[in-house]
Every structure is written in C-alpha cells, then in structure tokens.
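Please read the following points with the sequence and the structure open side by side. They go through one chain and then the other, and they end with a pair of domains.

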Amino acid sequence: MTLTRAILPLALVLAMALWGFTALRLLPWAQWPALPWQVDAMSVPQILLSYGAMPRGAIALLAGAALGLAGALMQAVLRNPLADPTTLGTAAGAQLALVAATIFTPGLLVTSHLPVAFAGSALTTVLVIWLGARRDFAPVTVTIAGLLVGLMAAAIATALTLSQGHYLLSLIMWNGGALTQTDWRGVWRLAACLVPAVILAAVLARPLMALSLGDAQARALGVRLAGLRGATLVLAVALSALVSAELGLIGFVGLAAPALARSLGARSPLQRLMLAPIAGAVILSLADGVLMATASLGGPSLPTGALTGLIGGPLLLWLLPRMTAQVPGRVEQGVQTAGRARQPGRVIGSLALVTLALVLGLLLLGRGPAGWGLVPSALWADFLPLRATALLAAMSAGALLAMAGAVLQRLTANPMAAPEVLGVTGGAALGYAAVVFLLAAPGIMALALGAATGGALALTGLAAYALRHDMAPARLLLAGLAIGALASAVLAAIMASDDRRAWVVLGWMSGTTAQVTPATALALAGLALGILTLLLLAARWLEIMPLGSAVGQALGLPLIWARLALVLLAGLATGAATLLVGPVSFVGLMAPHLARSLGLMRPHHALCGSAVIGAALMGLATFGTRTLSYPYDLPLGLMATLIGAPWLFILLLRK
Amino acid sequence: MVTAGPQGLTRRACLVAAAMAVVTGWAPRVRAQGVAPRVAAIDWAMAETALALDHAPAAIAELLRFRPLAPLPPAPATVDLGLRGAPNIEALSLVAPDVILSSNYYAFIEDRLATLAPVFSRTIYVPREAPFPRVMTLLAELAEVLGRPADGLRAQEAAHVRLDGLARRLSGHADRPFLLIEIGDARHVRIFGDDSLFGGTLTAMGLRNAWSEGTRFAFAAPVPLERLAAFPDARLILLGEVPPHVTRALRDAALWNALPPVRHGRLHRLPALNGFGGMPTALRFADALTGALAT
C-alpha cells in the first residue's frame, strides 16, 4: 500500500535524475548560465542547455499533464476507462489534418499548427462520439469505433505521405512525436493553455461526479447533460490538439495517467482530474528522460512518441482484466436488420453471377496513355495474364478477409469485429519490416515468410491471452487492437529512422498487387477455398455461438476449443490476405454486413455470401488502384479503405 | 539502312503494330533492330546516367517528380512509368523496352521486370558505402550496355575535368570543413555523410565533410538540430527549399541563430537536388556549391 503511494514521487525523482544526468553530461554545474540569460554572450553548450535540454524537460512535464488531463476528462464524461486521445481517434485526426495541410495548404501552418490540429481532432472525435451515442456509449464499441476511425485517418495520412516526397521528413518526425526543443515558446504556449484548462477541469469535477451516478440521477440533480458533455469533450480535444500541434503523436499517456491515478486510490472525479495530469507529467518525463539519457550515452535518438506507443499496447492488455468492475453491465449489442431471405441459395447464385460479369468487365476495361477503353485483342496475350493475376489475388484476399470478418462477428456477437482488429495485421507488418531490415535484398518468398511468421506470432500471443481470460469476445477484440497499437508504434519508430528501407515497408503497408506472381495468386485462391470449406464444416458452431456461452455449454459444444479453432482460422485468413492488401482494409467489416442486409442469415449462407461480396469489393478496389491515377498505381489498402469507410459510418449510424 | 526482316521485328512489336490499328494511342512506335536500344529507367541514378550519355530513356519512373529535379532534361515524349517502387507493368510493356535500368532498391521487383526485358541493375546507394565511385563507374558500365563504350570513357573524362575545374575555383575554401544539411522541421535536419552522393562529390573536389560519423545512421539521417553545435567552424550548406512555417520558426529559434556558422554568415543555400542521382546531379551540386560560395 505504501509502496503504491510512493510510486509517483519515486518515478518523478527518477525522471529528474535522468534529466539531471543528461544535463550535467552536457555542461558541468559550474558553467550553467546565470539568469537573466544573454543569448549573445552564451557558449553553444550553454544554449543547448538553456534552450534545448531545459525546455525539453519542461515540455515533457506539461505535455504529459495535458494528455493526462485530456484522458481523465474523456474517461469521466464517457464513463469509459479505455477512452483517451489515442483510442478515440482524436490524435489521428490531428495527424491527418496536419499532414493534409502540410501537403496542400502549407500557408495555413505558418503562424500556428494549433487551429489545423484542433479542426482535425474535433472532426474525428465528434464522429466517434456521434457514432458512440447511437450505441449508448458502450465502452468497447466506442473504443473500437475510435480505433477504427483512427486507423482510417492514419491510412489516408499514410497514402498522402506516400504521394509526396517533399516535406516527408517533417511528417516522419512529427508522426513519431519528438520532444526536442530549440526555444521556450512551445513551453509557454502549453503552459498558457494548461493552467486555465486545469481550473476549468476543477470546475467541471462536481457536475461530472453527478454524471457518474447515471444520466437520470444527474438530470434530477439539475445537471445539463448535453452542455456538460460538450464542454468537457471540447476541453479534452483542445488539450490533445495542443500537444499534437506542438509535438506530434504521443500515444497512450492519456490512457496510462488516469489508470495510474485510479490505482493510486483517486476515487472522486475531482481527485482523478487533479491526479491524472500529475501522473501524466511523470510518465512522459520518465519516458523522455530514458531516451535523453540513452542518446546522451551515445545510443540512438528515438522519438518519444514511439516509446509511449510501445508502452501503450501492454498497458491496454493489463487494463482489460481490471475493466469489469468499472464498465456498466450493458451488453454490447449487435444490429438486427433485414429479414431472412426466402431463397438464400438464389441470392448467392445471383451474387456469383454479378461477380463473374464484373470480373470480365474489370479484365477488359482499363486506362492507357490515350485514355479509357477496352484492351485491344492484339494485346490480350500481354495484358490479360497481368490483370488476371492481380484480380485473382485481390479477390481471394477479399474473400479471405470477408470470411474472417464473418467468423469474428459471429464469434464475438459484435458488429464492429473486423480482421484488422485482431492484431494479426499488425504482427504481419512487423514481420515484414523485420525481413526488410535484416536481409540486404529480400525476395518475395522471404517477405511472405516474414509477414506470415509475424502474423502467426501475434495470433499465438492473442490466443494464449484470450484462453487465459476465457475468450471473452470484447476483450479479445481489444487485445487484438492493443497488439495492433504495439505494432504501429514500432513501425512509427522505423519510419522515424528515415532509412530508405522504411519506404519499402511504407509502400507495402498501403497495399499493392504489383508483386503478385500467378503462383502466389493461385495459392491464395486455393487457401480461400480451403478455409471456406473448413468454415462450412464448422457452420453449426457458428450458429450456436452467438446465443451465448451458457447455451453453447448446455448443447455440449467444446466451447474453448471451438473458439480457438475459429480464431486461428480467421487469423490465418487475415494473415494471408494481409500479405497482399497491406494492414488496413474494411472489406472484412463490410462484406458480412452486406451479406446480412441481403437476408443471408444462416452461417453457411452468410459465409458464402460474405466471401463473394468480399471478392467483388476487392476486385473493384484493384480496378480503382489501376485506373484512378494512371500510370501511378494507388495503394490497394487505400482504395479498400475509401470504399469501406463510408460503410462503417452508415453501419454505426443505424440503430 | 536496316530493313525489318523476319528477325528485325520482335513478336511483341508485331502485336503492338496490329494493336495500333485497333486503338490509336494505346500502342508504341514500331522500331527496327540495329537502332539504338530502347531504354526504360526505373532508377533515377540510371536515368540520369543514360541522359549523361546522351541516350534519352524512352520511359522513366516517377517522371512527374524527376523532371523538376533532373539536371539534364528528359525528352518531352518520355513515358511516365508510375511509382519507382511499383512501376506500372502495363505502361512498361507498352513501351516495349530493349533493356530496363534498375538498381538494388528495386531488387524486389526485378524478377517481374525481367519477364518484360533484360534488366541492367547495379548496386548504387548502400548505407556506409560511398556512392560516388559507383556513380562514376556506372557511366562506363551503362555505355557498355548501350553499345557505346567510347562514350562512357568520354563522359567520365568530362566529369573529371569539370570537377577539377570547379575544385580549383573552390580551393580557397578548403580551410573549413563543410556540413551539408537539409532542413526537416525547425528541430531536425538531415546531414549528408560520405556515403551520400553530395558528401562524395565534396571529397572528390578536395573539400572536407565535417560529418564524419554519418555512417552511424542511414546515409541521410534526421538529426536533432543541436548536433550542429558540434561543428562551430564548419560552413553550413543548406540543400533544398525550406517549408514556410519552418522558415518562420527558425528565424526566432535561439539555438539556430546561435550556431556559429549562422551567426557569422557561413550559411549557403543550394537548390533542391536529387539525393539519389547520378553523375549529372553530382556535377550540378558541384556547380551550385561553387556558385553559392563565390557570391
């Protein structure tokens, strides 16, 4: 107990000791400049200390405090212990807005980054909150919606980055969240905003306490709910945008700080709102202190945001088992839509026919130097094998992702379940990156092996974790997202290294069919058929599972093994498809929903329908990548995201 | 005069000719053998080297961004092949090249390229290894491939002469080391080490690169601005444009303004150059450097 209480002061002392160590290595105490500073009379090490190390130490404290407060505010108002600027898509929105502004309207950024960052943050947060409101702010659904919106924003930002080489370096450093400072202006700006923010938060603490009793009680106590929620969220988003604009993406401090405050015994909203900024300041200072000391000893200078991201994944995993007591016992409900089709076989048949016609059209139609048109028959021998290979591979990947999505949505009874949520894509990305960096000139097979191994490792970890916690579906999804967050943190650090090889990884991450050989395409198609067969054999499990574990057990289902087998199948399908499509795609989310809205309800119908729809969607996506900006192939993952993202919103908007 | 006999036209060229009758604009020109080989360049250093040999590639990847950076202008009719890392195979096969120029960067698509035409690939940019000698050798190697070995030697000779001439004009500046940087944001720079084309050119001109440890990072590393303070004597050479918000931030930054080279006016600006270029970029860099220091 006393040890828990001592954590915060001890960590603060450690952070200060690390800072002091770095500062004294830079300049012995005797030579530290006296106040007031005269820049012209100072030596370079003195400037480095007083305009580099000192503001850096201060900004770590302030930014940590701002993020901690933002996280605490979000958690209080949403009554969701998983809410923070990272999980609500706030930070990703700022990133997207800043990337877009850097590329298209650099003039907007001349005076300050803050308005642009705030606009982006507010946009994504409002989107997530709006979507969450439709589901009564159920924590897991809100978090998943937030992370998906974040994924989408990041995907678009990646594609924009890829399309421009110009200001790339600043984007890369920005993504990584570097705390390096060259003057005190950032510190003053943060401080000037943080002080009124803390006061405002203190004022909001009482009504937030009333809110924690529930909406009805709060209303009875005279709290104006809409106004309170709006004010709190605006404050939290502004704090997060401020940090984004000054320093870049620093993930998960807003999640960790309130968690630490809670575990230190902060019970009332006021205690949490006041303790969380302190905890955040200590956490970020400690992380930055470690990095400064490492760099000072001659180690690599990593951006701080990459390190906090590394801590974030495990932290989410640690928080999950402790969530139950804090989450309202509301079931995260699925959508019930259109009635069952009377002749599902016929529906699937027509779907297949439409897809076949689509394939023919996509093979022949295209764009050349002279514009749109059909491929002349003389060029068939050259063009059709190319296009057929790309199409086959993409459609197989689409079918695989769709089946994985269908299985996951049934398994977890959660309409937001999607393969990218499983963390398999993140693991595969890490494996791919490892091969790119370890081998001098890796071939396709080596890359495929690397990605498959990475995906399998992530899946094994996930399965082990999930088995220990009885595979509770919502937790499984969040654990997958946590693995994904970990992977993206490592990838951000890789990008920040500005190695030429990072481009290869970046290119793959947005997806491309350019490297597919006919053999790979056929193998992928074979895999898709194989997995479909296996899943059809397991259709009975899928029928029973959404009814709940009690029913399953009563019917004699080997619950744990059935879940494990299904998760592994979904993971395998995702990993294989990820190799081709890259880590982000919404096909796995969309296809099962489309199938359901066509009335394909029984598992075997839903599986077949999803697979066909997924294949068709991916086929359309390849066509888009090939033609929209000819001769520059667009990333396949980006096209899939652009087709899929609007669907995500429609889906979440429907009650 | 070479007539198009049975061996004179490739199968692909025949097909393409037929195609042209069906849809104009989709098909490339028909070409007899014996004429200079048609070249498609995926790698920019290769494209520049081909241009230096006066052999304009029929197609270049990422032409949109290559054009403004290229020291020697590509032909107006050059075909754009799309992204360097993922060239458009359809566009490439329409070009029907006799040889495709690539490098170690694109090793992962080489098998794919080889199905269309023979690939000539060389390792040019590798971390911790000097690209300058490779770029020089490339002139001769590519000339060999294009069937004009004499031109390669002539181009090498011309490059040496040009560099030596510029080096003589800069010999008065050899007293201080040079720091070649590119501004990333207000807090980070890229520093070009000896394993960059610019660092190598500097050394070839008898000047000193202050950034000897560039080998510890990749050849162009994002380095915190404060690291520049370790080189108070250096001349600071700023490559490329600086984004507007960074210009503003640097104007007020205490550390930047306190850097001895900035304070004492030893900061020189060069235009944006192709960091992964060939000998033409090296010469243009040398030219621009001489011009900047002379004023």
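1. In chain A of this predicted model, residues 24 or more positions apart account for 81% of the contacts that have a separation of 6 or more. The corresponding share in chain B, again counting contacts with a separation of 6 or more, is 59%.

2. When you look for the elements behind these contacts, you will find 25 helices and two strands in chain A, whereas chain B has 12 helices and 10 strands. As for burial, 57% of the 655 residues in chain A are buried, and in chain B, which has 295 residues, 52% count as buried.

3. One helix of chain A is a useful exercise in checking a model by simple arithmetic, namely helix α24 (residues 603-627) of chain A, whose 25 residues should span 36 Å at 1.5 Å a residue. The expected span is 1.5 Å times one less than the number of residues, and the end C-alpha atoms of α24(A) do lie 36 Å apart, which agrees with that expectation. Is this helix enclosed, or is it open to the outside? Because 21 of its 25 residues are buried, α24(A) is largely enclosed by the rest of the structure.

4. Before relying on any detail of chain A, please consider the confidence of the prediction, for which the mean pLDDT is 81, with 86% of the residues of chain A reaching 70 or more. Within this chain, confidence is highest in helix α7 (residues 185-211) of chain A, at a mean of 92, and lowest in helix α6 (residues 168-176) of chain A, at 53. Residues 325-336 of chain A also call for care, since their pLDDT stays under 50, and the model has 15 contacts beyond four places in sequence for them.

5. Turning to chain B, the domain assignment gives domain 1 (1-35), domain 2 (36-123) and domain 3 (159-294). The C-alpha centres of domain 2 of chain B and domain 3 of chain B are 29 Å apart, and the contact between these two domains takes nine residues from domain 2 of chain B and 11 residues from domain 3 of chain B.

6. Which helix gives the most to the side of domain 2 of chain B that touches domain 3 of chain B? It is helix α2 (residues 44-52) of chain B, with six residues. Sorted by class, this side of domain 2 of chain B has seven nonpolar residues, one polar residue and one charged residue.

Key
Residues numbered from 1 in each chain as written. Chains lettered and ligands numbered in written order. Predicted model: local features only at pLDDT ≥ 70, side-chain atom pairs only at ≥ 80, totals over all residues. Helix = DSSP H or I, 4+ residues; strand = E, 2+ residues; numbered from the N terminus. Buried ≥ 20, exposed ≤ 12 C-beta atoms within 10 Å, placed from the backbone. Contact = placed C-beta atoms within 7 Å. Domains from an automatic or database assignment. Nonpolar A, V, L, I, M, F, W, Y, C, P; charged D, E, K, R; others polar. pLDDT = per-residue confidence, 0-100.
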